[in-house]
Amino acid sequence: CGVVSDDLNTFAYDANVAGLGYSLEFADNLSLSVGGFNDKLPELMKVVVERIGKVLEEFEAAGQRMKDATNEEEMMEALGERGQELVEKLEVQRQILLQDYKNFTREEPWSVGNYYLSQLMLRKSWHLSEYIQVLENMPDLLAMAQAAEVQVDMLVHGNATEDAAKDFADIFCKNLKRLGAKPLP
């Protein structure tokens, strides 16, 4: 999410000045929130979702170009300037996440206690040590998991009509399908 947020910085500033905003978070799920004047929200969401797709497609394309490279120089050439920029941003975000996960046990005791309580109650959730292991042992920064199956839960509130809510859902789902995602049964 940090890579996409960095990529959207200039757009986000203009949107903020116009009274619009967005929030993009990823933990166990992807959470996208948009807010502001309702007449421009579909456009904001469309831009954010399309930028997410564009970044994922650029990573995938860079990964395909890198497969044929035999040394580091050929890899850098295959990536191109944009690919190198994305790989650097991804590496920075990976290091930040890794540091945050490793330092979690040094946080306030009530926070750590709540985490372990949730681990006991939610048996199928991932443990921090599993996140750390994946981040430390990433064989390739460009090896990305495809969004094969997704479940979309959407809440639209405020002065939006039912048709506007359906338009939001259509915009979001069309972009997910464009990336190869299939709805869960």
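Let's start with surface. The accessible surface of this protein comes to about 13000 Å². Carbon and sulfur atoms hold 54% of that area. Bear in mind that this is a predicted model. Buried residues make up 25% of the 185 residues.

Now the layout. There are seven helices and four strands. Along the sequence, the order reads α-α-β-β-α-α-α-α-β-α-β. What about contacts between residues far apart in the chain? Take the contacts with a separation of 6 or more: residues 24 or more positions apart account for 59% of them.

Next, the cores. The largest nonpolar core has 20 residues. Which members touch the most others? Those are Val 4, Leu 44, Met 45 and Val 55. Three helices each supply at least two residues of this core: H1 at 2–7, H3 at 41–66 and H7 at 162–178. H3 gives the largest share, with eight residues.

Look at Val 4 for a moment. Set aside residues up to four places away in sequence. Val 4 then touches Leu 24, Ile 52 and Val 55.

There is also a second core, separate from that one. This one has five residues, including Phe 104, Val 112, Leu 128 and Tyr 131. Keep Leu 128 and Tyr 131 in mind. Both return in a minute.

On to the rings. How many aromatic pairs does the count give? Four. I'll take two of them, starting with Tyr 101 and Tyr 131. Their ring centres are 5.4 Å apart. Their planes sit at 35 degrees, between the 30 degree limit for stacked and the 60 degree limit for edge-to-face, so the pair is tilted.

This pair links distant parts of the chain. Tyr 101 belongs to helix H4, residues 72–102. Tyr 131 belongs to helix H6, residues 128–136. The two tyrosines are 30 residues apart.

Are these two tyrosines buried or partly exposed? The cut-off for buried is under 20% relative accessible area. Tyr 101 has 21%, so it counts as partly exposed. Tyr 131 has 19%, so it counts as buried. The two fall on opposite sides of the cut-off.

The other pair is Trp 126 with Tyr 131. Here the centres are 5.4 Å apart and the planes at 40 degrees, so this pair is tilted too. Trp 126 has a relative accessible area of 47%, which makes it partly exposed. Put the ring pairs together, and Tyr 101, Trp 126 and Tyr 131 form a cluster.

Trp 126 has a polar partner as well. A polar atom of the Gln 119 side chain lies 3.2 Å from the backbone oxygen of Trp 126. Where does Gln 119 sit? In helix H5, residues 109–121. Gln 119 is buried, at a relative accessible area of 16%. Leaving out neighbours within four places in sequence, Gln 119 is in contact with Ser 125, Trp 126 and His 127.

Back to H6. Its buried residues are Leu 128, Tyr 131, Ile 132 and Leu 135. Why do I say they share a side? They cover an arc of only 100 degrees around the axis, so they lie on the same side of H6.

What does that set of residues meet? Look at Tyr 101 again, in helix H4. Without counting residues up to four places away in sequence, Tyr 101 touches Leu 128, Tyr 131, Ile 132 and Leu 135. Those are the buried residues of H6 that I just listed. Tyr 101 also comes within 8.2 Å of Ser 129, C-alpha to C-alpha, with their positions 28 residues apart in sequence.

One more from H6: Ile 132. At 16% relative accessibility, Ile 132 counts as buried. Leave aside the neighbours within four places in sequence. Ile 132 is then in contact with Leu 98, Tyr 101 and Lys 102. Ile 132 and Gln 99 are 33 residues apart in sequence, yet 9.1 Å apart in space, C-alpha to C-alpha.

To wrap up. The largest core takes its largest share from H3. The second core is separate and includes Leu 128 and Tyr 131. Tyr 131 pairs with Tyr 101 across H4 and H6, and Trp 126 joins those two in the ring cluster. The side chain of Gln 119, in turn, reaches the backbone oxygen of Trp 126 at 3.2 Å.

Terms used: Residues numbered from 1 in each chain as written. Predicted model: local features only at pLDDT ≥ 70, side-chain atom pairs only at ≥ 80, totals over all residues. Heavy atoms only, no water. Core = buried A, V, L, I, M, F, W, Y, C linked by side-chain atoms within 4.5 Å. Buried < 20%, exposed > 50% of the residue type's maximum accessible area, 1.4 Å probe, protein only. Contact = heavy atoms within 4.5 Å. Areas by Shrake-Rupley, 256 points an atom, 1.4 Å probe, with all protein chains shown as cover. Phe/Tyr/Trp six-rings, centres within 6.5 Å; stacked < 30°, edge-to-face > 60°. Polar contact = N/O pair within 3.5 Å; in protein donor to acceptor, adjacent residues only side chain to side chain. Arc of directions from axis to C-beta.
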